[in-house]
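Reader: I've got this one open in the viewer and I'd like a close look at a single side-chain contact. Could you pick one and then work outward from it, so I can see what sits around it?

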Amino acid sequence: MAESAVSHSHPLDTMLAVSDVIQNNRLAQLYTRVLDLDAPTVEELAEGLESSTTTVYDDVKHLVEIGLLERVTETQPHRYRASRVDMTIQADGETFQITPTLLVALAERQSNENINLYIDRHGVSGLATAIEYARAYAQSKMNARIMAREQEIPVLEAETILQELQEIILDAEPDISTSLDIDELDAAVDDRLDE
C-alpha cells in the first residue's frame with residue numbers, strides 16, 4: 001500500500017515517477033542537484049553533471065512531466081524546483097519511507113563506494129531501512145550495535161553506513177534535531193542489550 005507523495009498527484013502516479021528516478025541514477029543525480037541549488041536553470045544544472053546540456057534538458061523535461069520537478073518561472077531561462085517526495089510503502093509486513101533523502105543517497109551511489117556496496121548487498125529497500133536507522137542515529141536514538149543486531153549485519157557494516165547516511169541526512173534534512181552524545185547512547189545501548 002502506498003500513500004501520498006508529490007503534491008496533487010495520484011499516489012500510483014507518484015509511485016511510478018519515484019520508481020523511475022530510483023532505477024535511473026542520472027535522474028536521481030539531477031533531482032539531487034536541483035535540491036542543492038536555488039531554483040537552477042538547465043544550464044546551471046548541466047555545469048555540475050557529466051551529461052550534455054541537451055541530455056539535461058531532456059531529463060528535466062521528463063522530471064517535470066512526471067511531477068518530480070516544477071518550473072517556477074514563466075520566462076526563459078526557466079528555473080526549476082524539486083517537488084517534495086514523501087511516500088510510505090507497506091509491503092510484506094514492512095514499512096518503507098521514500099523521501100528526498102533516499103533519492104539523494106541513491107544519487108551518491110556512483111561516487112560513494114560504501115553506499116554502492118550497501119545497495120548491492122541489501123537493495124534499495126535495505127538502503128531505505130538504513131536511512132531510518134541513520135535518522136535515529138543522527139538524533140542519538142540509535143547506534144551501530146543496535147542496527148547490526150536488528151538487521152543481522154556486522155557492526156562494522158552498520159557503523160559505516162550510519163556514518164555515510166548521517167552526512168546525507170544532515171544535508172537533506174536540515175531541520176532534524178541532533179545532539180549526539182556517544183557516551184550516553186552507549187550506556188543506553190548496553191542497558192538494552194542486557195535486557
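Author: Let's start with Asn116 and Arg109, whose side chains are joined by a polar contact of 2.7 Å. Keep in mind that this is a predicted model. Asn116 sits in helix 6. Is it buried or exposed? Neither, really: Asn116 has 26% relative accessibility, so it falls in the partly exposed class, which lies between the 20% and 50% limits.

From Asn116 you can step along to Leu127. The two are 11 residues apart in sequence, and their C-alpha atoms are 9.8 Å apart in space. Leu127 takes us into the largest nonpolar core, which has 54 residues; Leu127 is one of the members that touch the most others, along with Val60, Leu68, Met147 and Leu165. Helix 6 is the biggest contributor here, giving 12 residues to this core.

Leu165 is worth a click too. Setting aside neighbours within four places in sequence, Leu165 is in contact with Leu127, and also with Ala105, Ile115, Ala130, Ile131 and Ala134.

Back to helix 6, this time for its charged side chains. Arg121 pairs with Glu157 in a salt bridge, with 3.4 Å between the closest N and O atoms. That ties together distant parts of the chain: Arg121 belongs to helix 6 (residues 113-138) and Glu157 to helix 8 (residues 155-172), 36 residues apart. The two ends have contrasting surroundings. Arg121 is exposed, because its relative accessibility is 53%, and the bar for that is over 50%. Glu157, at 12%, is buried.

Further along helix 6 there's a second pairing. Arg135 and Glu173 form a salt bridge of 2.6 Å, N to O. This one also links distant parts of the chain, since Arg135 is in helix 6 while Glu173 lies in the loop between helix 8 and helix 9 (182-194), with 38 residues separating the pair. Which partner is buried here? Arg135 counts as buried at 16% relative accessibility, and Glu173 does too, at 17%. Glu132 joins in as well: through salt bridges with shared partners, Glu132, Arg135 and Glu173 make up one network.

For a pairing away from helix 6, try Arg26 and Asp59, whose side chains form a salt bridge of 2.6 Å, N to O. Arg26 is in helix 2 (residues 25-36) and Asp59 in helix 4 (residues 53-65), so again distant parts of the chain are linked, here 33 residues apart. Arg26 is partly exposed at 37%, whereas Asp59 is buried at 7%. In total the model has 7 salt bridges. Broadly speaking, side chains of opposite charge can pair when their charged atoms come close.

Now zoom out. The chain has 9 helices and 4 strands, running α-α-α-α-β-β-β-β-α-α-α-α-α from the N terminus. Of its 195 residues, 41% are buried. The links across distant parts of the chain have company: among contacts between residues at least 6 apart in sequence, 60% join residues at least 24 apart.

One last thing before you set anything up. The average pLDDT is 87, and 86% of the residues score at least 70. Residues 1-5 are below 50, though that stretch still has 19 contacts in the model beyond near neighbours in sequence. Where pLDDT is low, the predicted coordinates shouldn't be read in detail.

Terms used:
Residues are numbered from 1 along each chain as its sequence is written. This is a predicted model: local features need pLDDT of at least 70, side-chain atom pairs count only at pLDDT 80 or more; totals for chains, interfaces and linings use all residues. Side-chain values use heavy atoms; hydrogens and water are left out. A salt bridge is a side-chain nitrogen of Lys or Arg within 4 Å of a carboxyl oxygen of Asp or Glu. Helices (H or I, at least four residues) and strands (E, at least two) are DSSP runs, numbered from the N terminus. Buried means under 20% relative accessible area, exposed over 50%, partly exposed in between (1.4 Å probe, protein chains only). A nonpolar core is a set of buried Ala, Val, Leu, Ile, Met, Phe, Trp, Tyr and Cys residues joined through side-chain atoms within 4.5 Å. Contact means heavy atoms within 4.5 Å. A polar contact is a pair of N or O atoms within 3.5 Å; within protein, one must be able to donate a hydrogen and the other to accept it, and residues adjacent in sequence count only if both atoms are side-chain atoms. pLDDT is the predictor's confidence in each residue, from 0 to 100.
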